Amino acid sequence: MSYQQFAYLYDELMADAPYSKWLSFIKSALSAYHPNTIRLLDVGCGTGSMPILLAKEGFEVTGVDLSSDMLMVAKEKADKGNVALSLFQQDMRELEGLGAYDCVTILCDSLNYILTEEDVKRTFLSAWNHLEPNGLFIFDVHSLHKINDIFIGSTFGSNDEALSYIWQCYQGEYENSVEHDLSFFILTNNDHYERYDELHIQRTFSTEDYSKWLNECQFEVLSITADFENHKPLEQSERILFIAKKS
């Protein structure tokens, strides 16, 4: 199986992702801190689910992803839904030439694929360089608790007829990192199963580290909350959400 085929399966695997909660969170953040937002840049946009939802809300949306196959699926979905999207293949650490936006987002724990402090800072600077003055930077990451206590050492699986998978999580090379070892079994047209293996590595850092690096990159941290609830992160929180402003 090619990665292009895997990209088409991505939406099935993400069927339970809380896209509506991300949308509500972003709209609430923009209403509170930047009500005149028009242009929005979604980095790590994958197959375009979030950019399409945002575009349907009336925003002018540009999507960026490292995977050309993911972007191909995003374009097909946007065309099918008659949604205007601009899509570019770039590395979030090295964004260039995309113009200036009222808001930059990195959602669905995409930032956790950035594994070093230096590269996180490069990503923050890339976002800063593509924001208008006082523009918002919104992103979410896995908590330390989710990486170390929920993922590492766990095995997840699904035994659906058309698409089955085994997902094993191991301690990664870096502190607070996890290696996701995934094996997919896809039912083909001739009633045979084809196996496809993927390895994904994610790492997270403390809220203090992210805040410090945002400040070093000339962002003002406006809000740090958890799990789409209006409260500060707790010991058992799983998803941390940041709202920052370009100073």
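The legends below describe an overall view and several close-up views of one predicted protein model.

The model is predicted, and local features are given where pLDDT is at least 70, side-chain atom pairs only at pLDDT 80 or more, while totals for chains, interfaces and linings use all residues. Residues are numbered from 1 along each chain as its sequence is written, and side-chain values use heavy atoms, with hydrogens and water left out.

**Figure 1. Overall view of the protein, with its seven helices and eleven strands.** Helices (H or I, at least four residues) and strands (E, at least two) are DSSP runs, numbered from the N terminus. Along the principal axes, the C-alpha atoms fill a box of roughly 55 × 40 × 30 Å. The radius of gyration of the protein is 18 Å, which agrees with the value near 18 Å for a compact globule of 247 residues. This radius is taken over C-alpha atoms, and the globule rule is 2.2 Å times the number of residues to the power 0.38. Of the 247 residues, 49% are buried; buried means under 20% relative accessible area, exposed over 50%, and partly exposed in between (1.4 Å probe, protein chains only). About 12,200 Å² of the protein is exposed, and carbon and sulfur atoms supply 47% of this area. Accessible areas come from the Shrake-Rupley method with a 1.4 Å probe, and for residues only the protein chains shown count as cover. Contact means heavy atoms within 4.5 Å. Among contacts between residues at least 6 apart in sequence, 63% join residues at least 24 apart.

**Figure 2. Close-up of an aromatic cluster that includes Phe-137, Phe-139, Tyr-210 and Trp-213.** The whole structure holds 16 aromatic pairs. Rings of Phe, Tyr and Trp (its six-membered ring) pair if their centres lie within 6.5 Å; planes under 30 degrees apart count as stacked, over 60 as edge-to-face and the rest as tilted. The pair of Phe-137 and Phe-139 is tilted, because the ring centres are 5.0 Å apart and the planes stand at 40 degrees. Both Phe-137 and Phe-139 are buried. The pair of Tyr-210 and Trp-213 is edge-to-face, because the planes stand at 80 degrees, with the ring centres 6.1 Å apart. Tyr-210 and Trp-213 belong to helix H7 (residues 207-216) and are three residues apart, about one turn of the helix. Tyr-210 and Trp-213 are also both buried. Phe-124, Phe-205, Phe-219 and Phe-242 belong to the cluster as well.

**Figure 3. Close-up of charges over the rings of Tyr-101 and Trp-128.** A charge sits over a ring if NZ of Lys or CZ of Arg is within 6 Å of the ring centre and within 35 degrees of the ring normal. The charged end of Arg-39 is placed over the ring of Tyr-101, 4.3 Å from its centre. Lys-246 lies over the face of Trp-128, 3.9 Å from the ring centre.

**Figure 4. Close-up of Thr-37, in the loop between helix H2 (19-33) and strand E1 (39-43).** Thr-37 has a relative accessible area of 10% and is therefore buried. Its side chain reaches the backbone oxygen of His-34 at 2.8 Å. Not counting residues up to four places away in sequence, Thr-37 touches Leu-30, Phe-59, Asp-102 and Cys-103.

**Figure 5. Close-up of Gly-48 and helix H3 (49-56).** Gly-48 lies in the loop between E1 and H3. With a relative accessible area of 0%, Gly-48 is buried. Leaving aside neighbours within four places in sequence, Gly-48 is in contact with Ala-74 and Lys-77. Gly-48 and Val-64 are 16 residues apart in sequence, and their C-alpha atoms are 9.3 Å apart in space. Six of the eight residues of H3 are buried, so this helix is largely enclosed by the rest of the structure. The buried residues of H3 are Ser-49, Met-50, Pro-51, Ile-52, Leu-54 and Ala-55. Just after H3, Gly-58 has a positive phi of about 105 degrees.

**Figure 6. Close-up of Asn-82 and Asp-109, each with a positive phi.** Most residues other than glycine have a negative phi. Asn-82 has a phi near 55 degrees and lies in the loop between helix H4 (68-80) and strand E3 (86-89). Asn-82 is exposed, with a relative accessible area of 73%. For Asp-109, phi is about 50 degrees, and the residue is found in the loop between strand E4 (101-106) and helix H5 (117-129). Asp-109 counts as buried, at 11% relative accessibility.

Terms used:
A polar contact is a pair of N or O atoms within 3.5 Å; within protein, one must be able to donate a hydrogen and the other to accept it, and residues adjacent in sequence count only if both atoms are side-chain atoms.
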